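Colleague: I have a bench meeting coming up and would like to go through this model with you. Could you take my questions in whatever order they come?

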Protein chains: 2
Amino acid sequence: MNKPNSAPTMKDVAREAGVALGTVSKVINGIPVGESYRLKVEEAIKKLNYRVNSYAKGLKSNRTFTIAVMVPNLISPFFSKLVNCINKSLAQRGYRMLLCATDYDPEQEQSYVIMAEQQKVDGIICLSYNPNLQVSEDVPLISIDRYFGAHIPCVASDNYGGGALAAQALVRNGCKSLAFLRVGSKLTNEPNKRRDGFINACENMAVPYMMKILDDGQPYSAFEEFLQAHMQDGKLDFDGIFCVTDLLAHQIMGSLRQMGLRIPEDVQVVGYDGIRHFGDLDYTCSTIVQPVEEMAETCVDLVLEKNEGKTPSLICLPVRYAYGGTTRS
Amino acid sequence: MNKPNSAPTMKDVAREAGVALGTVSKVINGIPVGESYRLKVEEAIKKLNYRVNSYAKGLKSNRTFTIAVMVPNLISPFFSKLVNCINKSLAQRGYRMLLCATDYDPEQEQSYVIMAEQQKVDGIICLSYNPNLQVSEDVPLISIDRYFGAHIPCVASDNYGGGALAAQALVRNGCKSLAFLRVGSKLTNEPNKRRDGFINACENMAVPYMMKILDDGQPYSAFEEFLQAHMQDGKLDFDGIFCVTDLLAHQIMGSLRQMGLRIPEDVQVVGYDGIRHFGDLDYTCSTIVQPVEEMAETCVDLVLEKNEGKTPSLICLPVRYAYGGTTRS
């Protein structure tokens, strides 16, 4: 305000907000300050049009204010929503995102870890199934869904609880016998716990269940054969199906309809993920909803924190059941 | 190979590939070379495990090898697929992507343009509807869908041709009377040409048509009132509907089914975009498919080219009709 013709500095922001210079620095760096201070600083930044990209100049640190984010692709709606939320959360703290859609390419994944080691980015948030990813201990790396070991914090939805919730929802809706269908990686990862939670809940409720688990590479037709083998006199042996993802639920429902079965009248189906049509319309099926916003926020908190030794190795965030037309309620 | 214990250099790559050092530099920089040379260099890079992130060191230029990409969000399947393809195309040329999901925030959009002006990124690819975006002439900026003026190349699908294709597909499938439904920005942008192409094709075929166009902010219920007003004795006044996007088609089909109409028996529906369930399964409706891969590739070509004065101001890439179950064929 005093220097209307030159770009505002961090000092101008501090004066405008009526706070100490250090407080402005903290807000810009994403270091927690009292809510009222944060709001004052943000208001002053907006009023003075203090620019995010001039932040780095005002700071005596070697931070790049850039976080690398690696996901397999942005075609899968779960991945794209996750990246969307991480992007928003980083932007709110004045951080930029370097995005890498890896297509499961281990070389690309490793190259971003090397960038972090060379301090060209401040940290990494990644969803990788690469069992050989080499990460040195001093790189702030947060993993989503895949547990690499105690030194790398892993953020996931409560997959075990979600599997149980799916079984409970089907039984609450009148199902007498259940099936669990799964396809995916053999690697130890968090989503595999959906099965364990499902089995545990079925056993606790004394509800019979069967399972059909395909390994990576097995053709989808194996599920159709499974369904056909359990069809007698136009009826399935089970009246509730939990599919490991909404995507699989979509495919299975196509097969069930081709077999002349009505959903949810003849068989009820629950998926996992909480995918909506076109990203934000109706759910594609009844589903266990992953808390994507909270997962993104947690990853960003952790990657910027660097609480050495204090960070939990696994953080599971609560899921919820949502009705999406493929169950009775 | 000669120095097994140190990181390979660009010279090692040139020796391995049997090409000049300049050729390696060109390939790394995305400057066109003969196909056979490119393949040799890429093979050598792979064999030696020459790392992308060490590219910059081997070059005497002030390039950052980073392109900023701005889209409104990654929730919409069209945006997320576009970003996925741009990311892949950039990675193939050794470039990284700084991603900004703008949520239509003009301040964020402007801040990335300023970054490019300060040469913190080599260029920008953006999908923005911000009419006030200030871009100086020396910033390599490629726009998708929105025409900013002759100095900023715009890449789009052939929206006019696509609108015509939709009308033709409906008529070829037996429709006698059509409707066009649209919601969206009033700004002059390329997707608005879908309407013009549709009208032109209807007039050429002498097929009657009607239109219902909502402005931003008008409630969806206005479409339901339009449909109700054109319903007589359980039949609609028209038997073919072109919706401006697959998303709108999804919503309209929900309304039609609630009115007791069958698709495609009573009314056929064509959308625009080519959205698939879960990103890569079946189409969500019969649709005009945008060539997303080619659009992404073209944007990357243009932003890295800097052919001053030679670049066309508008590049429209061909679309195609795809059957998705909501028309007879």
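Modeller: What follows is a conversation about the contact between the chains, some salt bridges, one helix and a few backbone details, and please keep in mind throughout that this is a predicted model.

Colleague: Let's start with the two chains, then. How many residues does the contact take from each chain?

Modeller: The contact takes 43 residues from chain B and 42 residues from chain A.

Colleague: And what is the area buried between them?

Modeller: The size of an interface is often given as the accessible area lost when the parts come together. For chain B and chain A that area is about 3700 Å², and carbon and sulfur atoms give 62% of it.

Colleague: How many salt bridges are there between chain B and chain A, and how many residue pairs in polar contact?

Modeller: The count of salt bridges between chain B and chain A is zero, whereas twelve residue pairs are in polar contact, counting pairs with both residues at pLDDT 80 or more.

Colleague: Which elements of chain B supply the side that touches chain A?

Modeller: At least two residues each come from α4 (77-92), β2 (96-101), α5 (106-117) and α9 of chain B. The largest share belongs to α4(B), which gives eight residues to the side that touches chain A. Sorted by class, that side of chain B has 17 nonpolar, 14 polar and twelve charged residues.

Colleague: Back to salt bridges. How many are there over all chains?

Modeller: The count over all chains comes to 19 salt bridges. One of them pairs A:R93 with A:E297, and the closest N and O atoms of that pair are 2.8 Å apart.

Colleague: Where do A:R93 and A:E297 lie in chain A?

Modeller: A:R93 lies in the loop between α4 (77-92) and β2 (96-101) of chain A and A:E297 lies in helix α10 (residues 292-305), so the salt bridge ties together parts that are 204 residues apart in sequence.

Colleague: Buried or exposed, how do the two residues count?

Modeller: A:R93 counts as buried because its relative accessibility is 15%, under the 20% cut-off, while A:E297, at 32% relative accessibility, counts as partly exposed. There is also a network here, in which salt bridges that share partners join A:R93, A:E297 and A:D301.

Colleague: What about B:E297 and B:R93 in the other chain?

Modeller: The side chains of B:E297 and B:R93 meet in a salt bridge with an N to O distance of 2.7 Å. This pair links distant parts of chain B, with B:E297 in helix α10 (residues 292-305) and B:R93 in the loop between α4 and β2, 204 residues apart. At 32% relative accessibility B:E297 counts as partly exposed, and at 15% B:R93 counts as buried.

Colleague: Switching topic, which residues of α8(B) are buried?

Modeller: The buried residues of α8(B) are B:A222, B:F223, B:F226 and B:L227. They lie on the same side of α8(B), because the arc they cover around the axis is only 140°.

Colleague: What covers those buried residues, and what does the face turned away from them carry?

Modeller: The cover includes β6 (178-184), β7 (209-215), β8, β9 (235-236), β10 (240-243) and α9 of chain B. The face of α8(B) turned away from the buried side carries the exposed residues B:E225 and B:A229.

Colleague: And B:H230, where is that one found?

Modeller: B:H230 is in the loop between α8 (221-229) and β8 (231-232) of chain B, and at 18% relative accessibility this residue counts as buried. Leaving aside neighbours within four places in sequence, B:H230 is in contact with B:M210, B:K235, B:L236, B:D237 and B:F238.

Colleague: Last topic, the backbone. Which peptide bond is cis in chain A, and which in chain B?

Modeller: In chain A the peptide bond from A:I263 to A:P264 is cis, with omega near 10°, and in chain B a cis peptide bond joins B:I263 and B:P264, with omega about 5°. A:P264 has its place in the loop between α9 (246-258) and β11 (268-273) of chain A, and B:P264 lies in the loop between α9 (246-258) and β11 (268-273) of chain B.

Colleague: What about phi of A:D233 and of B:D145?

Modeller: Phi of A:D233 is positive, near 50°, in a residue other than glycine, and B:D145, also not a glycine, has a positive phi of about 75°. A:D233, in the loop between β8 (231-232) and β9 (235-236) of chain A, is exposed with a relative accessible area of 81%. B:D145, in the loop between β4 (141-144) and β5 (154-157) of chain B, counts as buried at 4% relative accessibility.

Technical notes:
Residues numbered from 1 in each chain as written. Chains lettered and ligands numbered in written order. Predicted model: local features only at pLDDT ≥ 70, side-chain atom pairs only at ≥ 80, totals over all residues. Heavy atoms only, no water. Helix = DSSP H or I, 4+ residues; strand = E, 2+ residues; numbered from the N terminus. Buried < 20%, exposed > 50% of the residue type's maximum accessible area, 1.4 Å probe, protein only. Contact = heavy atoms within 4.5 Å. Arc of directions from axis to C-beta. Buried area = accessible area lost by both parts, 1.4 Å probe. Salt bridge = Lys/Arg side-chain N within 4 Å of Asp/Glu carboxyl O. Polar contact = N/O pair within 3.5 Å; in protein donor to acceptor, adjacent residues only side chain to side chain. Nonpolar A, V, L, I, M, F, W, Y, C, P; charged D, E, K, R; others polar.
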